[in-house]
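Here is a friendly walk through some side-chain and helix contacts. Have the sequence and the model open beside you as you read.

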Amino acid sequence: MVSALPIVDNTVQTSDLIPLLGQYQLLPQLLKELVIDQAIQDVQLSQEEIVQAIDQFYRQHQIGDETRREMWLKHYRMTPQQLAVQAQRQLKLHKFKLQTWNNQVESDFLQQKGQFDQYVYSLIRVASAEVAQELYFRLQAEEQAFSDLATQYSQGPEAQTGGLIGPVTAANLHPTLVQILTSAQPGQVRPPIRLGEWFVIVSLQKLISAQLDDTLRQQLLEQRFNEWLQTQLKSVAVSGDAIAVSVHTP
């Protein structure tokens with residue numbers, strides 16, 4: 001006999017749950033969580049870590065007192081045991097990432113460092129090549145300051161800041177602009193170039209070299225994890241009433 005879950009006036013058969021999750025676009029999230037659960041199943045936490053993880057979970061969801069916790073459990077239809085498992089999950093996942101990829105982070109950083117470097121630069125953008133050339137000649141002759149010309153002529157939001165932009169990471173800049181800034185000296189005004197519909201004049205103000213701090217280390221760990229996760233999800237088998245998850249750790 002097939003068990004059923006009563007929902008309002010309808011009855012949903014358990015065999016229909018997977019198709020319904022697909023219909024409501026919830027299946028990818030479920031598959032992701034199943035892959036994560038299998039990946040972290042052997043990660044161990046000390047008793048102190050468990051207490052800290054549960055306390056952090058309570059504070060994050062504002063369920064420190066028993067009444068709120070009961071309401072939360074009722075809302076999500078969870079048992080206290082399931083809550084305890086869920087509370088430890090994020091810490092286990094963090095430890096899994098560290099155990100799996102932490103020894104590769106420095107290598108990844110060195111390979112990708114250019115993407116994380118930040119630039120502060122001044123920019124003038126105009127729609128006319130002739131105007132851009134004229135403004136460049138004025139700058140070369142030191143007839144007017146870059147900021148004054150940017151305020152007067154630039155046709156982007158940088159006109160409000162005298163042309164000053166940044167800090168901006170290289171990953172968020174046009175590749176051609178990155179090439180110009182990488183090869184420029186601070187204060188040097190580069191000749192006009194065409195970027196899309198604009199003709200731009202650029203002057204590097206400051207290069208902020210990226211450092212492998214905790215924030216960037218976590219970003220690189222997340223990058224490795226997400227690449228691995230996408231590979232694992234491709235191997236998950238879904239049939240009409242079953243899901244087969246097989247995780248391969250790096």
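F57 and W72 are both buried, a word used here for under 20% relative accessible area, with exposed meaning over 50% and partly exposed in between (1.4 Å probe, protein chains only). This is a predicted model, in which local features need pLDDT of at least 70 and side-chain atom pairs count only at pLDDT 80 or more, while totals for chains, interfaces and linings use all residues. Residues are numbered from 1 along each chain as its sequence is written, and side-chain values use heavy atoms, with hydrogens and water left out.

The structure holds 8 aromatic pairs. Rings of Phe, Tyr and Trp (its six-membered ring) pair if their centres lie within 6.5 Å; planes under 30 degrees apart count as stacked, over 60 as edge-to-face and the rest as tilted. The ring centres of F57 and W72 are 5.6 Å apart with planes at 90°, so this pair is edge-to-face. Because F57 sits in helix α3 (residues 47-61) and W72 in helix α4 (residues 66-76), the pair ties together parts that are 15 residues apart in sequence. Helices (H or I, at least four residues) and strands (E, at least two) are DSSP runs, numbered from the N terminus.

Elsewhere, ring pairs link F96, W101, F225 and W228 into a cluster. Over the face of F225 lies K97, at 4.6 Å from the ring centre; the rule is NZ of Lys or CZ of Arg within 6 Å of the ring centre and within 35 degrees of the ring normal.

Now for the packing of α5 (residues 80-101) and α10 (residues 214-234): their axes are 10 Å apart, at an angle of about 90°. Axes are lines fitted to C-alpha atoms, for helices over the stretch in contact, and angles run from 0 to 180 degrees between N-to-C directions. That makes α5 roughly perpendicular to α10, the term for 65 to 115 degrees; under 35 is roughly parallel, over 145 roughly antiparallel and the rest oblique. Among the residues making this contact (heavy atoms within 4.5 Å) are F96, K97 and W101 of α5 and F225 and W228 of α10.

Two non-glycine residues with positive phi sit in loops:

| Residue | Phi | Loop | Relative accessibility |
|---|---|---|---|
| Q25 | about 60° | between α1 (17-23) and α2 (27-39) | 71%, exposed |
| E142 | near 60° | between α7 (129-140) and α8 (146-153) | 71%, exposed |

Finally, the peptide bond from G166 to P167 is cis, with omega near 5°, and P167 belongs to strand β4 (residues 164-169).
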